[in-house]
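Here is a short briefing on how the helices of this chain pack together. Keep the model open while you read.

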Amino acid sequence: MALSSFDIDAPRWDQTTFMGRLKHFFNITDCRTALLSDSRLDEAKALVESCRAGSVPPGTSVEQLYYAKKLYDSAFHPDTGDRMNLIGRMSFQVPGGMAITGFMLQFYRTVPAVVFWQWVNQSFNALVNYTNRNAASPISPKQIGVAYVTATSTALATAVGLNLYTKKAPPLVARWVPFAAVAAANCVNIPMMRQQEILNGIAVTDENGNTLGHSKKAAAKGITQVAISRITMAAPGMIILPIIMQRLEKYKFMQRITFLHGPIQVMLVGVFLIFMVPAACSLFPQRCSMTVSKLEPELRDSIVSRYGDKVQLVYFNKGL
């Protein structure tokens, strides 16, 4: 195969199937890529752009092109091509998420600890949501601030309220409070951080990438799928791990090393997230689709008047 005609943007794995998407996200959420320097990432971007222009450097192998695309997808925004901040990248979800989630699960007993770790978690989530938004819909600093305060307030109200409510409940119920707070906050944080898409619609295209208009219904579908994915990402670690820890803490050897309970939970959360980050991202295609018949009447009529029945589906980037 002539590398000058190599389509580097063609999916390496079938994105219409869960297993194909799972392989793709295992590839780009590899936390080792978070350790690479900006200059190495820029080199990968330059190689990807050279390939797109049909001028692959002599001596470049197919595997080198695939690896460059892996680094490009892990670190650069799919809409703008700009390098994303490190903490907001999906490749940082495992190290960042395991530390924060582990400490949320460990320090759930006192209100000050609950408040602090929920605030840290929502600050992290807000940055991730902003970084992985659909960049075609800009958001102002004021809107970012409102979204951050609203989501953080929701998480704190849920966590503190349930923490107080479960004082007399079985110990395991209290251990699940952090997950309830995270799930509630995700249902607020993501829509608020991406409110411009809900208010003004998200850009939708035909299968060839030609813009057809903006749709609020498409935005709602994409944001809903992202919220479901984020909650799914956190669920196994935050639901199953408390059960494991409660049983382990009955053993004498665990009672002698209480100072290690936090680090142990951090490491166990990491084990869950290594699998759950790519699995949750794979639940829905990133290039989301919607039938023209389900769009807003004005947009639907506009597409039908221009293209007739030639366009049956519209496509959009749902974000991560």
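N186 sits in helix α8. The model is a predicted one. N186 has 3% relative accessibility, under the 20% cut-off, so this residue counts as buried. Beyond its neighbours within four places in sequence, N186 contacts N125, P191, A227, R230 and I231.

**α8 against α10**

- The axes of α8 and α10 come within 9 Å.
- They cross at roughly 165°. That angle is over 145°, so α8 and α10 are roughly antiparallel.
- The crossing of these two helices is right-handed.
- On the α8 side, the contact uses P178, F179, V182, A183, N186, C187, I190 and P191.
- On the α10 side, the partners are I223, V226, A227, R230, I231, A234, A235, M238 and I239.
- By class, this contact has 15 nonpolar residues, 1 polar and 1 charged.

**α8 against α5**

- At what angle do α5 and α8 pack? The angle is about 35°, and the axes are 10 Å apart.
- α5 passes α8 in a right-handed crossing.
- From α5, the contact takes Q118, N121, Q122, N125, A126, N129 and Y130.
- From α8, it takes P178, A181, V182, A185, N186, N189, I190 and M193.
- The class split here is 8 nonpolar and 7 polar, with no charged residues.
- N186 of α8 appears in this contact and also in the one with α10.

**α1 and its partners**

- Which residues of α1 are buried? They are G20, R21, L22, H24, F25, N27 and I28.
- The buried residues of α1 pack against α3 and α12.
- The axes of α1 and helix α3, residues 62–75, come within 8 Å and cross at roughly 80°.
- This angle falls in the range 65 to 115°, so α1 and α3 are roughly perpendicular to each other.
- H24, N27 and I28 of α1 meet K70, D73 and S74 of α3.
- By class, the contact of α1 with α3 has 1 nonpolar, 3 polar and 2 charged residues.

**D9, ahead of α1**

- D9 is found in the segment before α1.
- Is D9 buried, exposed or partly exposed? Its relative accessible area is 39%, between the 20% and 50% cut-offs, so D9 is partly exposed.
- D9 touches R52 and K69, leaving out residues up to four places away in sequence.
- D9 and K69 are 60 residues apart along the chain, and their C-alpha atoms are separated by 8.1 Å.

**The largest nonpolar core**

- How many residues are in the largest nonpolar core? There are 29.
- M238, L273 and C281 touch the most other members of this core.
- Six elements give two or more residues to the core: α1 (18–28), α4 (93–106), α5 (111–131), α8 (177–193), α10 (216–248) and α12 (261–281).
- M238 also takes part in the contact of α10 with α8.
- C281 is in contact with F25, M90, M233 and L320, not counting its neighbours within four places in sequence.
- One of these partners, F25, is a buried residue of α1.

Technical notes. Residues numbered from 1 in each chain as written. Predicted model: local features only at pLDDT ≥ 70, side-chain atom pairs only at ≥ 80, totals over all residues. Heavy atoms only, no water. Core = buried A, V, L, I, M, F, W, Y, C linked by side-chain atoms within 4.5 Å. Buried < 20%, exposed > 50% of the residue type's maximum accessible area, 1.4 Å probe, protein only. Helix = DSSP H or I, 4+ residues; strand = E, 2+ residues; numbered from the N terminus. Contact = heavy atoms within 4.5 Å. Axes fitted to C-alpha atoms, helices over the stretch in contact; angles between N-to-C directions. Parallel < 35°, antiparallel > 145°, perpendicular 65-115°, else oblique. Nonpolar A, V, L, I, M, F, W, Y, C, P; charged D, E, K, R; others polar. Left-handed = near helix turned anticlockwise from the far one by under 90°.
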